[in-house]
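Please look at the sequence and structure shown here, with attention to the places where the ligands are held. The report that follows takes the ligands in turn.

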Amino acid sequence: MKLYTYEELKSFVDRCTRCSLSQTRNRAVMGYGNLNSPILFIAEGPGRNEDKDGLPFTGRSGEMFDRLLSGINLGRKDIYITNIVKCHPPGNRDPLPAEQEACIPYLKYETLLLSPKIIVCLGRIAAQRIIRPDYRITREHGTFIFRKNIWLTSCYHPSAILRDPSKFLEVQEDFYAIQNKLRDI
Ligand code: URA
Ligand code: SF4
């Protein structure tokens with residue numbers, strides 16, 4: 001198998017027409033961050049800001065994400081963050097199963113190139129796609145599963161905190177658990 005470089009992968013994503021989200025997007029949004037990071041965050045799909053900027057988590061959810069990261073002394077330069085689908089679903093709807101299926105090879109390739117020790121799913125959509133189809137985020141967030149040499153976990157999506165600020169402390173706890181896991185590995 002020919003191994004593509006990260007830059008080649010990004011250029012495929014930028015020009016991709018594998019699903020119909022390509023017809024409504026402004027810009028495809030490749031993941032972003034430190035390619036040597038041990039930690040990979042996966043959310044569901046770009047929002048409107050991200051569609052404009054071409055980068056993940058640049059809007060209000062991104063501010064919340066940065067706040068959670070800085071709480072465990074990390075910044076964007078220390079981590080890598082990406083999405084299940086790389087193009088904005090119109091009206092911020094959930095990405096359809098067919099769209100996820102079309103886009104997942106890019107995520108697999110990002111994961112191969114990054115070779116993370118920990119994967120954190122942000123929100124239900126990512127957790128059900130990456131961890132288990134029947135994953136229950138309300139019950140299982142913050143717990144770790146070891147699979148194929150990678151620790152998998154989840155927490156609520158930052159936008160869930162924006163809708164319900166009482167979730168902040170719970171997500172912060174999950175970030176502390178991530179910090180501990182990073183120390184252990
Ligand atoms: N929400 C997501 O799921 N992904 C982004 O990139 C931004 C907001
Ligand atoms: Fe391609 Fe993924 Fe965008 Fe669909 S969402 S067009 S598969 S990059």
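## Ligand surroundings

In the side chain of Asn83, an N or O atom is placed 2.8 Å from a nitrogen atom of ligand 1. Taken alone, ligand 1 exposes 240 Å², of which the protein buries 93%. These values, like the others in this report, belong to a predicted model. Two further polar contacts to ligand 1 use backbone atoms, from Glu44 and from Gly45, and the table sets them beside the contact of Asn83.

| Residue | Protein atom | Atom of ligand 1 | Distance |
|---|---|---|---|
| Asn83 | side-chain N or O | nitrogen | 2.8 Å |
| Gly45 | backbone N or O | nitrogen | 3.0 Å |
| Glu44 | backbone N or O | oxygen | 3.3 Å |

Ligand 1 occupies the largest pocket, and the residues around ligand 1 include Ala43, Pro46, Gly47, Glu50, Pro56, Phe57 and His157. Sorted by class, that shell holds 4 nonpolar, 4 polar and 2 charged residues.

Ligand 2, by contrast with the pocket site of ligand 1, sits in the largest cavity. Two elements, α2 (21-24) and α5 (97-114), each give two or more residues to the shell around ligand 2, and the largest share, 3 residues, is that of α5. Among the residues surrounding ligand 2 are the cysteines Cys16, Cys19, Cys87 and Cys103, together with Arg18, Arg25 and Lys86. By class, the shell around ligand 2 is made up of 7 nonpolar residues, 1 polar residue and 3 charged residues.

Notes:
Residues numbered from 1 in each chain as written. Chains lettered and ligands numbered in written order. Predicted model: local features only at pLDDT ≥ 70, side-chain atom pairs only at ≥ 80, totals over all residues. Heavy atoms only, no water. Near = heavy atom within 4 Å. Polar contact = N/O pair within 3.5 Å; in protein donor to acceptor, adjacent residues only side chain to side chain. Areas by Shrake-Rupley, 256 points an atom, 1.4 Å probe, with all protein chains shown as cover. 1 Å grid on protein atoms, 1.4 Å probe; cavity = no way out; pocket = protein on both sides within 12 Å on 5 of 7 lines; lining within 4 Å. Sits in = over half its atoms within 2 Å of the grid points. Nonpolar A, V, L, I, M, F, W, Y, C, P; charged D, E, K, R; others polar. Helix = DSSP H or I, 4+ residues; strand = E, 2+ residues; numbered from the N terminus.
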